[in-house]
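Q: Could you take me through a close look at how helices pack against each other in this protein, and then at a few single residues? I am new to this, so please go step by step.

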Amino acid sequence: MTSSIQQQREAFGGRLRELRLAAGLSGAELARRNGWHQTKVPKIEYGRINPSDNDIRAYCRHTGNNDQLPDLLATRHNIETAYLEWRKVLGIGTKQRQHALVDLTEMAQIIRVYNPHFIPGFLQTAEYAAVVLQNVSTFYQTPNDVEFGVAKRLERQQLMYRGNRRFHFLVGEQALYTTVGTDGVMAGQLDRLLAVTGLPRVTLGIVPATAEIPFAPTNFSMFDQKIVLVEAITAELTVTQPREIALYGRAFDTLARQSVTGDAARKLIGSAFDTWHRHSEPS
């Protein structure tokens with residue numbers, strides 16, 4: 001992880017160096033204008049030190065690139081927080097992350113979630129959530145506070161019923177068949193999904209297994225146009241750069257166009273429910 005951060009710092013410093021060179025400004029002159037020690041510019045541009053927000057503002061001001069300031073600031077903030085290994089995120093159990101997710105949801109007005117293989121946390125039953133969190137704890141060998149995690153997850157679900165937030169969930173058809181717990185747990189979860197399709201301010205789309213997708217998607221959550229959380233196997237990525245958020249927005253819109261909603265979605269869910277329900281019945 002240290003090398004990854006260093007590479008990002010060097011790449012970011014390279015962007016600042018390109019702005020300076022394109023403006024025909026020497027490092028010594030930029031340092032003089034800002035009252036910096038003459039070694040500060042190369043240290044920033046080769047990733048040896050992290051520039052402050054004011055340093056970045058100075059680069060933009062003196063090179064005539066104030067239009068790039070928002071993206072550069074977002075990049076700088078993202079370097080230290082963009083990549084958080086799960087062993088650190090879950091080092092004290094699920095408590096800290098569940099709190100963070102509640103906070104993000106409370107501050108957002110539009111929440112968009114895509115998951116190709118599992119039912120999103122907002123839509124999980126208590127039984128399904130308990131198995132998911134137990135599996136996470138076992139796989140990552142982190143403290144087991146499943147009971148708290150489930151309670152917090154159910155608390156977060158209440159935000160779908162309060163305020164004027166809008167939710168758009170996209171679920172891969174595979175998620176309807178990915179085994180989580182017993183057949184009864186799966187049947188109960190799909191019954192819950194059928195109920196969700198009637199909620200106001202909630203859109204549920206199912207992306208059919210036969211859908212044509214022009215990129216390799218992974219599960220991600222978007223909170224307005226401010227933050228995207230991407231779940232990889234080893235870490236959670238926090239995306240705050242406007243241009244990257246815009247790309248995730250395009251990805252979500254592409255998936256949404258491939259999804260089915262309303263009666264067509266209920267038909268797919270109902271078919272999966274019948275499969276799990278039959279399996280859960282005593283032979």
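A: Let's start with the contacts across the chain: among those in the protein between residues at least 6 apart in sequence, 75% join residues at least 24 apart. What you see is a predicted model, and it holds 12 helices and 7 strands. The protein has 283 residues, and 46% of them count as buried.

Now to the helix pairs. Find helix H8, residues 126-140, and helix H9, residues 146-157; their axes are 9 Å apart and the helices pack at an angle of about 130°. An angle of about 130° lies outside the ranges for roughly parallel, roughly antiparallel and roughly perpendicular, so it falls in the oblique class. H8 and H9 are therefore oblique to each other. Their crossing is right-handed. On the H8 side, the contact is made by Ala126, Ala129, Ala130, Val132, Leu133 and Gln134, and on the H9 side by Val146, Gly149, Val150, Arg153 and Leu154. Sorted by class, this contact has 8 nonpolar, 2 polar and 1 charged residues.

Next, turn to helix H2, residues 27-34, and helix H4, residues 53-63, whose axes come within 11 Å and cross at roughly 110°. Angles from 65 to 115 degrees count as roughly perpendicular, and H2 and H4 are therefore roughly perpendicular to each other. H2 passes H4 in a right-handed crossing. Here H2 brings Leu30, Arg33 and Asn34 to the contact, while H4 brings Ala58, Tyr59, Arg61 and His62. The residues of this contact divide into 3 nonpolar, 2 polar and 2 charged.

If you follow the chain on from H4, you come to Gln68, in the loop between H4 and helix H5 (69-81). With a relative accessibility of 26%, Gln68 counts as partly exposed, because that class lies between the buried limit of 20% and the exposed limit of 50%. Leaving out residues up to four places away in sequence, Gln68 touches Arg15, Leu19 and Cys60. You can also look from Gln68 back to Arg57: they are 11 residues apart in sequence, and their C-alpha atoms are 9.7 Å apart in space.

Another loop residue to find is Thr197, between helix H10 (183-196) and strand E4 (202-207). The side chain of Thr197 makes a polar contact with the side chain of Arg266, at 3.3 Å. Arg266 also appears in the list of residues in contact with Thr197, together with Leu204 and Ile269, when neighbours within four places in sequence are left aside.

Let's finish on a strand. Val230 is found in strand E6, residues 227-231. Its relative accessibility is 4%, so Val230 counts as buried; the limit for that class is under 20%. Not counting residues up to four places away in sequence, Val230 touches Thr218, Asn219, Phe220, Ala235, Glu236, Leu237, Val239 and Tyr248. Take Tyr248 from that list: Val230 and Tyr248 are 18 residues apart along the chain, and 9.9 Å separates their C-alpha atoms.

Terms used:
Residues numbered from 1 in each chain as written. Predicted model: local features only at pLDDT ≥ 70, side-chain atom pairs only at ≥ 80, totals over all residues. Heavy atoms only, no water. Axes fitted to C-alpha atoms, helices over the stretch in contact; angles between N-to-C directions. Helix = DSSP H or I, 4+ residues; strand = E, 2+ residues; numbered from the N terminus. Parallel < 35°, antiparallel > 145°, perpendicular 65-115°, else oblique. Left-handed = near helix turned anticlockwise from the far one by under 90°. Contact = heavy atoms within 4.5 Å. Nonpolar A, V, L, I, M, F, W, Y, C, P; charged D, E, K, R; others polar. Polar contact = N/O pair within 3.5 Å; in protein donor to acceptor, adjacent residues only side chain to side chain. Buried < 20%, exposed > 50% of the residue type's maximum accessible area, 1.4 Å probe, protein only.
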